[in-house]
Structure formats: C-alpha cells, structure tokens
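Please open the model in your viewer and keep the sequence panel visible. The stops below are arranged so that each selection leads to the next.

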Amino acid sequence: MAKINEDLLKERKKCSFNTAELTHLLDGGKDKTLERHSREHFFLDDPELRSKIPLEYLSHKEKYEEAVRKSCILFRKVQELQEAGKGGIENFREILGGQLGSAILKDGNPLTLHYVMFIPTITGQGDFEQQAEWMHKAWTCSIIGTYAQTELGHGTFIRGLETTATYDPKTEEFVLNSPTLTSYKWWPGGLGHSANFAIVVAQLYTQGKCHGIHPFIVQLRDEETHMPMKGIKIGEIGCKLGMNSTNNGYLGFENYRIPRTNLLMKNNKDGTYVKSPSSKLTYGTMIFVRVVLVQDCASYMKKAVTIATRYSAVRHQSEMKPNCPEPQIIDYVTQQYKLFPYIAMSFAFQYSASWLWDIYNNVTGELESGQLENLPELHALACCLKAVGTADCAAGVETLRLACGGHGYMTASNLPSTYGLATAMCTYEGENTVLLLQTARYLIKIWQNKKNIQNLPTVRYLDNALFNNRSYEKSVSWILSALQQVAAAKIDLANKHINDRVRQGKAYEDAWNETSIELVAAADAHCRTFLLDIFNLTVNNFQSISPELKAVLTDLLELYAVHTAIRMTGDLLRFTNTIGKDVEALQLWLEELLAKIRPNAIGIVDSFDIRDEVLGSALGAYDGNVYERLFAEAQKSPLNHEPVNKSFGLYLKPFLKNNL
Ligand SMILES: CCC/C=C/C(=O)SCCNC(=O)CCNC(=O)[C@H](O)C(C)(C)COP(=O)([O-])OP(=O)([O-])OC[C@H]1O[C@@H](n2cnc3c(N)ncnc32)[C@H](O)[C@@H]1OP(=O)([O-])[O-]
Ligand SMILES: Cc1cc2nc3c(=O)[nH]c(=O)nc-3n(C[C@H](O)[C@H](O)[C@H](O)COP(=O)(O)OP(=O)(O)OC[C@H]3O[C@@H](n4cnc5c(N)ncnc54)[C@H](O)[C@@H]3O)c2cc1C
C-alpha cells in the first residue's frame, strides 16, 4: 500500500469516534457493509471494467464504443448477481447509475434506462399477460429498452406530446406517426444506437378520438442486424455538457405499425380501451425515478465532499500568522464553511431519501389494490425532494470544486464530470421549477382545505404552524418550528395573492402564474422543513449507537439546521419572531459547530467508505498523495507521449520563421 500522507495520518488520529460504526450505520448494518464491499469487489476489481486510456482523451465515437463495451460486461455481471439472488432493482440502480455505476462509466451508461425505466414501466403499467410476455426477455436482456417520452417540442408538458398512435381495428394494430419535426422523440438515454426496444409515450386515437398519452412497447431495431425497422428514423442527438456516453437519441415514426397488445394495459383491465381510474397512473415511472434520484443526490454529494475534504487536509496555502508554516487550507474557517455544510447535507438527503423510498413502496402497494388516496402526497413530496435535492447537490458539487482551487478544475479531480452528472438531474425527470410548482399546487389545495390534514404526515404541521412564534432558543427544535412557520406563511401569502388576483378579475391560471415565484419559494421552504424534520427524527431515534457517534451526528444535524436557517435569514426575520440578535446568535452557533466538526471532518468522510476507484480523483484518494497522482495523470495526456508534436512542423515552425 502507498505511503499515507502525513497530514491525513494526523487527522485520522484526531477522530473522536469509531469510523466503522458510522459506516455500518450508513449502510444499514455491518452485514450490509460487507455486502456492499463484496459487490464493489465484484465490479471494481474486474480488469475488464477498467479503461486503458482516460475517457477524456477519447473521441465522441470512441467514448460511446468504450461505454457499450463496459455496459455489456456490467449487465452480464448484474445478471450473474440476479441469478444468484443477490439484489433487487434498487441495487441494480446503484450499480448502473449511482456511485458504483458512475465510477465504471464516468460519463454515463448507454444501457441504464433498460433497468431504470424500461423494466419499471412494464412492471408498473403492463398487465399480467404483458408482463409474462416481456419481462423474461427484458430481465434476461434478450432485448434492450429505453424510455422515449420527451420530444423536440415538449418535455415538461407531456399532455402536449405530438406522437400519435392510431388504432386500426381492421388489423388490430396501432399506427405510430410523428406528424411534425417537434414531435420527434428527443433525449431518451440509449435511444441513439443502443436500445432495440422502447417504451414510447404517444397520444392514443381510436375512432377519431384522442384519449391522451399512453405508453406502448415498440421495437426500434432488428434483433439480429440492429438496423432500424422500416418506418423508424433514429439517431443520436450529439454532444452535451456531460453524460456524453449515454447515447441520448432522437426517434421519428412513419406509419409504423405495432400490435394492439403493445399498448401497456395494466389500467385497462379487460383488454379493450377503458379510461383508467386516474390518468396520472401513466406517470408512475417518473415518480419511481424521482424517488431514486434523491438517493443519487446523497451519493454524489458524499463523493464530492470526500474529495474536497481530503484535499483540504493535504493542501497547504498562505500564511495565517507571520512566520508560521503554511496551514492546511481546511483550517481556514471560510474553507470549513464550503465543506462541512455539504457533509451534513449528505446525511440529510440520505435520511430523507430512505423515508421517501418507504413511502413510495407503501403507496405503490396501495395502488395495486386500487387505493389512490395517498398518491397526491407522495407525488408532492417526490417532486420537491427531487427538485431541492438535485439543486443543492449540483450547487454543492460546484462549491466543492471551487474549494479545490485550480486542481478542482482538472478532470483528474473528477469534480467536473460529477458536476455534469449532478446538474443533469436538475433537468431530467421533471425540470426543477416545474416540479416545485407541482408541490405548490398540492400545498395550496391543502391550505384551502385542511379537513383531513392530520392524516397527512408530511403536511400536518401546516395545521397551526402559522402561529408558532417561538422565541429564539439555541435548539434544532426551535429552528424546525421557525422553518415550519416560514413555510406556512409563504403558502398563506401565495394563496392570498392568488385570491387577490382572482378577486381583481384575473383568471385563476393567470393569478397562479403571476404568483408563481412565491409558490416556488413556498414549496422550497416546505421541502426544507421536511428534510430537517427527518434528519432530526432519524438522529433522535438512534438508540444503540455509541455516545461518541451520537455526538458527531448531533453536531452534523445542528450544522444542517443552522446552515439552513442562515440561508433563510430574510425569511426568518420576515415571518417569525426572529430578531437581529438571534441571527447573530445563529452565526456564532454556526462557527462553533464548524470548529467542533473540524477534528472529525476526515473521520466522517472516511466513514462514507468510498473506494478510490469510485472517487476516481487525484485529489481525494485515501492515501492523500495528491501531487504524485496529479503528476501521474498528466503523463496520460497523449500530447506527452512524444517530445515534439507534429503541429510544430506544420504550423508553429513556419509561423516562427515568418516572424523572424
Ligand atoms: C436516469 C433518468 C434519465 C431521465 C429520464 C427522463 O427525463 S424521462 C422524462 C421525464 N419527464 C418528466 O418528468 C416530465 C415532467 N412533466 C410532468 O411530470 C407533467 O407534465 C406535469 C406533472 C408537469 C404536468 O402534468 P399534467 O399537465 O398532466 O398535470 P397537471 O399539472 O394539470 O396536474 C393534474 C393533476 O395531476 C397530478 N399529478 C401530476 N403528476 C402526477 C404524478 N406523477 N403522480 C400523481 N399525480 C400527478 C397533479 O398533482 C394534479 O392533481 P390535482 O391538483 O388535479 O389533484
Ligand atoms: C441528460 C438528460 C437525459 C434525459 N433523458 C431522458 C430520457 O431518457 N427519456 C425522456 O423521455 N426524456 C429525457 N430527458 C428529457 C427531460 O425529461 C426533459 O428535458 C425535462 O423534462 C424538461 O423538459 P424540456 O427540456 O422540454 O424543458 P422545458 O419544459 O422547455 O423547460 C424550459 C424552461 O421553461 C420552464 N417551464 C416549462 N414549463 C413550465 C411551467 N409549466 N411553469 C413554469 N415554468 C415552466 C422551465 O422551468 C424551464 O426553465 C433527458 C434530459 C436530459 C437533460
């Protein structure tokens, strides 16, 4: 093993708690940690899953080809796990898209959507016969699917999609068409050249009548030759900010026929077209993905904060006091302020993601038996957690990149590509502003009718929060109560402004649009109360952990609470009893917490137990040999493989001569 950097050795000695205990707690038990280790070993120690040349030095086409090579190996290994009964879809998601997946395929996996959206849609939307027909093929990967919903002209407003599926009773087929350029499918991962099947979301027409959007299983390419089927126009959409090996594609149809039975029919039980009990059941796969994205937010945040915190312990810069050695940059309080709140945030997202996952499973269980009552609350929660989680994660990764100075800008830090993955999440699976407005729509309804509110766990605080008015105390419970009051006040005010505008004669929709900045802010505040509430509940419920660990988790909880409160200073002053002196007290409390967390910072990120291959970063490796690794990475540049590049003879030399 390489020599460990001296600073990191010292940091590790300072740690006041047992890092393995925290690792096990985060994994859900020691056996789960061991399971994860064995999964990581299974994937990361496979030499076939390593690239010879860093991805950044490959062309777009080579990147794709290398990604397909690795994805196929990855899928084969996933199947081996599946056959051995090791893991359900949630594990596969982690392998395909989460921390492990992004370690193997740094710039995206062209086959991910097969497991993440194609299979879940067949499970969620297909009837019994359809599952029997398609699931075996899909699980065994004899077909590879994607999820084609978004079009060139419409991503958010899916009721406005233009692809048509017109029923032809004579042949019992649907005829798919893309009537306009804007109706072309645009964005689906793996659609370009990878998948041979897709779930296609299209407007269903029978007897000249449109019945709205429905999901269909559609074959795109010949299973033998992979040539596009006749009537299918397909390709890749081109280079993007990140995720350049996900092979996002476009797709158009020209009188393309599919059997009637390819309309997913779970909600049309008798096999004829019957309107389903809720048109929103078609949106089920999107809820599923939003739920798992919150877990990804925690994963990406942990990865970025581990890199930046370790680097900050190794890096020395400037003079804090005259004639003293240059300090570790982690000793600058401004640096701690860039790092530690994101350590705390990783916990907040992990705990909320886990609650959301449980709620999701309960509600989808209820949907199976036709109960729809709890769907709106789940939808509202999934929307705001996805939006706030991805926004904070992307902003966090960028802050952490900046915290690493110039070296953070190197792709060898792995922070730029982590940012590429994180910021994409703000847009896909529902653009964040749009999702916050969905949550706001639910909150306004609840505000207007609180009859059943005590049965709705995520919003029942709204019953009386407007009047909390607690005087400042240095406690998480005070901050939570103040945030709840802020959320309630913002909902109340937005509701009032909508009503005022309606009274002035405006249409409700116009009043809504004119109030939408406030509505988004209200949904955001509501979400932040949930995140803090769950973090608080989780830490308070830990019974059998050591007092040392409990103290660290309490520090992190408090830091998360205080950091959130300080970010919302204006709101606290405006909507609660908070006064200027209380803000000063919060600021001092924040500084106190940064100092308390400082000796444990390396211990906490070590507890995330992220393997070097997953971090993929010259700055964040466990041994802290930052400079050696940066230097070694630079040697991989193809430009360094020859002392003189041919451009010298071609351009530079004649240019220099001309200037003589
Ligand atoms: C790895 C991943 C790669 C990426 C993949 C992708 O991006 S794939 C592409 C991902 N693409 C996207 O994510 C697209 C994002 N866009 C959308 O999801 C929708 O178009 C929309 C929700 C914005 C509006 O839809 P709309 O105009 O049809 O709806 P509306 O506003 O008129 O509200 C009507 C009612 O429906 C309710 N309701 C709504 N959704 C749900 C739900 N899921 N469940 C339950 N309920 C839901 C809503 O609360 C309201 O209830 P109310 O108040 O009447 O009781
Ligand atoms: C990396 C990546 C991968 C993707 N993968 C897939 C995939 O596999 N399958 C798939 O089908 N799609 C996929 N998508 C598409 C994605 O789901 C859409 O881009 C997303 O839903 C947003 O839609 P849009 O691009 O049409 O943006 P728009 O809806 O045009 O949004 C543009 C702006 O308009 C605003 N806006 C729009 N509507 C409203 C409103 N009602 N109220 C207020 N403001 C509004 C938004 O807030 C935003 O600021 C992917 C996208 C990306 C970036």
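How do the residues of the shell around ligand 2 divide into nonpolar, polar and charged? The shell has ten nonpolar, ten polar and two charged residues. Please note at the outset that this is a predicted model.

**Stop 1: ligand 2**

Select ligand 2 together with the 22 residues around it. Those that come nearest are Gln149, Thr150, Gly155, Thr156 and Trp187. Next, colour by secondary structure: β1 (145-148), α13 (415-427) and α14 each contribute at least two residues to this shell. The element that gives the most is α14, with three residues. Now colour by domain. Because domain 1 (144-282) and domain 2 (283-620) both supply residues to the shell, ligand 2 lies between them.

**Stop 2: ligand 1**

Move the selection to ligand 1, which has 25 residues around it. Lys280, Tyr283, His379, Tyr428 and Gly430 come nearest. The elements giving two or more residues to this shell are α9 (284-314), α11 (375-402) and α14 (432-448). Here too the most comes from α14, which provides four residues. In terms of class, 13 residues of the shell are nonpolar, eight are polar and four are charged. Ligand 1 also lies between the domains, since both domain 1 (144-282) and domain 2 (283-620) give residues to its shell.

**Stop 3: the two domains**

Hide the ligands and show the domains in two colours. The domain assignment gives domain 1 as residues 144-282 and domain 2 as residues 283-620. Taken over C-alpha atoms, the centres of domain 1 and domain 2 are separated by 36 Å. To display the contact between them, select the ten residues of domain 1 that touch eleven residues of domain 2. On the domain 1 side, five of the contacting residues are nonpolar, four are polar and one is charged.

**Stop 4: α14 against α15**

Return to α14, the element that gives the most to the shell around ligand 1, and add helix α15 (residues 476-503). At what angle do α14 and α15 pack? The angle is about 85°, and the helix axes are 10 Å apart. Because of that angle, α14 is roughly perpendicular to α15. Show side chains for Leu443, Ile444, Trp447 and Gln448 of α14, and for Ile491, Asp492, Ala494 and Asn495 of α15, which make the contact. By class, this contact has five nonpolar residues, two polar residues and one charged residue.

Then select serine 475, in the loop between α14 and α15. Is serine 475 buried or exposed? It counts as exposed, because 12 C-beta neighbours lie inside 10 Å, and the cut-off for exposed is 12 or fewer.

**Stop 5: distances to glutamate 56**

Keep serine 475 selected and add glutamate 56. The two are 419 residues apart along the chain, and their C-alpha atoms are separated by 48 Å. Now replace serine 475 with serine 637, which lies in the loop between α23 (626-635) and α24 (646-658). Serine 637 is 581 residues from glutamate 56 in sequence, and the C-alpha atoms of the pair are 9.3 Å apart. Serine 637 is exposed, because 11 other C-beta atoms lie within 10 Å.

**Stop 6: two positive phi values**

Select glutamine 207, in the loop between β5 (197-206) and β6 (209-219). Its phi is positive, about 45°, although the residue is not a glycine. Glutamine 207 is exposed, with 9 other C-beta atoms within 10 Å.

Go on to asparagine 414, in the loop between α12 (405-408) and α13. Phi of asparagine 414 is near 65°, again a positive value in a residue other than glycine. Asparagine 414 counts as buried, since it has 24 C-beta neighbours inside 10 Å.

**Stop 7: arginine 598**

Finally, select arginine 598, in the loop between α20 (580-597) and α21 (601-607). With 17 C-beta neighbours inside 10 Å, arginine 598 counts as partly exposed. Draw a distance from its C-alpha atom to that of histidine 497: the value is 45 Å, for two residues 101 apart along the chain.

Key:
Residues are numbered from 1 along each chain as its sequence is written. Chains are lettered from A and ligands numbered from 1 in the order in which they are written. This is a predicted model: local features need pLDDT of at least 70, side-chain atom pairs count only at pLDDT 80 or more; totals for chains, interfaces and linings use all residues. Domain bounds come from an automatic or database domain assignment. Two residues are in contact if their C-beta atoms, placed from the backbone, lie within 7 Å. Ala, Val, Leu, Ile, Met, Phe, Trp, Tyr, Cys and Pro count as nonpolar, Asp, Glu, Lys and Arg as charged, and the others, Gly among them, as polar. A residue is near a molecule or strand if its C-beta atom, placed from the backbone, lies within 6 Å of it. Axes are lines fitted to C-alpha atoms, for helices over the stretch in contact, and angles run from 0 to 180 degrees between N-to-C directions. Angles under 35 degrees count as roughly parallel, over 145 as roughly antiparallel, 65 to 115 as roughly perpendicular and the rest as oblique. A residue is buried if 20 or more other C-beta atoms lie within 10 Å of its own, exposed if 12 or fewer, and partly exposed in between; C-beta atoms are placed from the backbone.
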